[in-house]
Amino acid sequence: MTTLTRRDVATPLGPLTLVASDGALRGAYFADHRRRPELDALEAPAADDALDRAQAAFAAYFSGEAADVPVDAVAPGTDFQREVWEALREIPAGETRTYAQVAARIGRPTATRAVAAAIGRNPLTVAVPCHRVVGADGSLTGYAGGIERKRWLLAHERG
């Protein structure tokens, strides 16, 4: 059985809960994040190398020292979801893509709705930058952490 550990860290957007297992980050969730797994029963460990590395990576991102949050991550999901999430990591900081562009990127141009569903289940907010995906008309749509956070993240990345 996999042991999950957690740590709550402060960010400019409110507390962020980091979850790790087997030496890698497994989840990053804002307090009011939709589709947030049941994490309240997890104990905050005294020390965890994966959480230390993730906390440092998020701190560098939020301070403006890093354009992305490079972390070792093991996101639980289907093969399709992981393929979508990997495509999101290819979107440069400060840029956006539409759901259709992400679908085309993974070679499934007619799977826009499935791509949107996979993005909505992204367990690694900010580290897997689902905030960089916008509607076909460029509008800020769906973000499990809230549209205001999405707006802030995009503005932060654009400097």
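These legends accompany several close-up views of a predicted model.

**Figure 1. Overview of the predicted protein chain.** The model is predicted. Five helices and five strands make up the secondary structure of the protein chain. Their order along the sequence is β-β-β-α-α-β-α-α-β-α. The chain has 159 residues, of which 46% count as buried. About 8,000 Å² of surface is accessible, and carbon and sulfur atoms hold 51% of that surface. Take the contacts between residues at least 6 apart in sequence: 58% of them join residues at least 24 apart.

**Figure 2. Confidence across the protein chain.** Mean pLDDT for the protein chain is 89. A value of 70 or more is reached by 90% of the residues. Among the elements, helix H3 (residues 99–105) has the highest mean pLDDT, 98. Strand S1 (residues 5–9) has the lowest, 87.

**Figure 3. The hairpin of S1 and S2.** Strands S1 and S2 are antiparallel and share five bridges. One of the paired positions is Asp8, whose bridge partner in S2 is Thr17. Six residues lie between the two strands of this hairpin. Gly14 sits in the turn, with a positive phi of about 105°.

**Figure 4. Strand S2, covered on both faces.** How many of the residues of S2 are buried? The count is six of six, and the strand is mostly covered. Leu16, Leu18 and Ala20 are buried on one side. Thr17, Val19 and Ser21 are buried on the other. Thr17 is also the bridge partner of Asp8.

**Figure 5. The pairing of S2 and S3.** Strand S2 (residues 16–21) runs antiparallel to S3, and six bridges join the two. Val19 faces Gly27 of S3 across the pairing. Leu16 stands opposite Phe30, also in S3. Strand S3 spans residues 24–30, and six of its seven residues are buried. The rest of the structure therefore largely encloses S3.

**Figure 6. Asp22 in the turn of the second hairpin.** Two residues separate the strands in the hairpin of S2 and S3. Asp22 lies in this loop between S2 and S3. Its phi is near 50°, a positive value in a residue other than glycine. Is Asp22 buried or exposed? Asp22 is exposed, with a relative accessible area of 67%.

**Figure 7. Val126 in the loop between H4 and S5.** Val126 follows helix H4 (112–120) and precedes S5, in the loop between them. Phi of Val126 is near 70°, again a positive value in a residue other than glycine. Val126 has a relative accessible area of 2% and is buried. Asp22, by contrast, is exposed at 67%.

**Figure 8. Arg53 and its contacts.** Arg53 belongs to helix H1. Its relative accessible area is 43%, so Arg53 is partly exposed. Which residues does Arg53 touch, leaving out those up to four places away in sequence? They are Gly23 and Asp72. Pro70 is 17 residues from Arg53 along the chain. The C-alpha atoms of Arg53 and Pro70 are 9.4 Å apart.

**Figure 9. Helix H5, length and buried face.** Helix H5 has twelve residues, 147–158. At 1.5 Å a residue, H5 should span 16 Å. Its end C-alpha atoms lie 17 Å apart, which agrees. Arg149, Lys150, Leu153, Leu154 and Glu157 are the buried residues of H5. Why do the buried residues line one face of the helix? Seen down the axis of H5, they fall within an arc of 135°, so they share one face. In an α-helix there are 3.6 residues a turn, so residues three or four places apart point the same way.

**Figure 10. What surrounds H5.** The buried residues of H5 pack against S3, helix H1 (49–63), H3 and strand S5 (133–134). Of these partners, S3 is itself largely enclosed, because six of its seven residues are buried. The face of H5 turned away from the buried side carries Glu148 and Arg158, both exposed. Gly159 comes just after H5 and takes a positive phi of about 75°.

Note on methods
Residues numbered from 1 in each chain as written. Predicted model: local features only at pLDDT ≥ 70, side-chain atom pairs only at ≥ 80, totals over all residues. Heavy atoms only, no water. pLDDT = per-residue confidence, 0-100. Helix = DSSP H or I, 4+ residues; strand = E, 2+ residues; numbered from the N terminus. Buried < 20%, exposed > 50% of the residue type's maximum accessible area, 1.4 Å probe, protein only. Contact = heavy atoms within 4.5 Å. Areas by Shrake-Rupley, 256 points an atom, 1.4 Å probe, with all protein chains shown as cover. Pairing = 2+ DSSP bridges. Expected span 1.5 Å × (residues − 1). Arc of directions from axis to C-beta.
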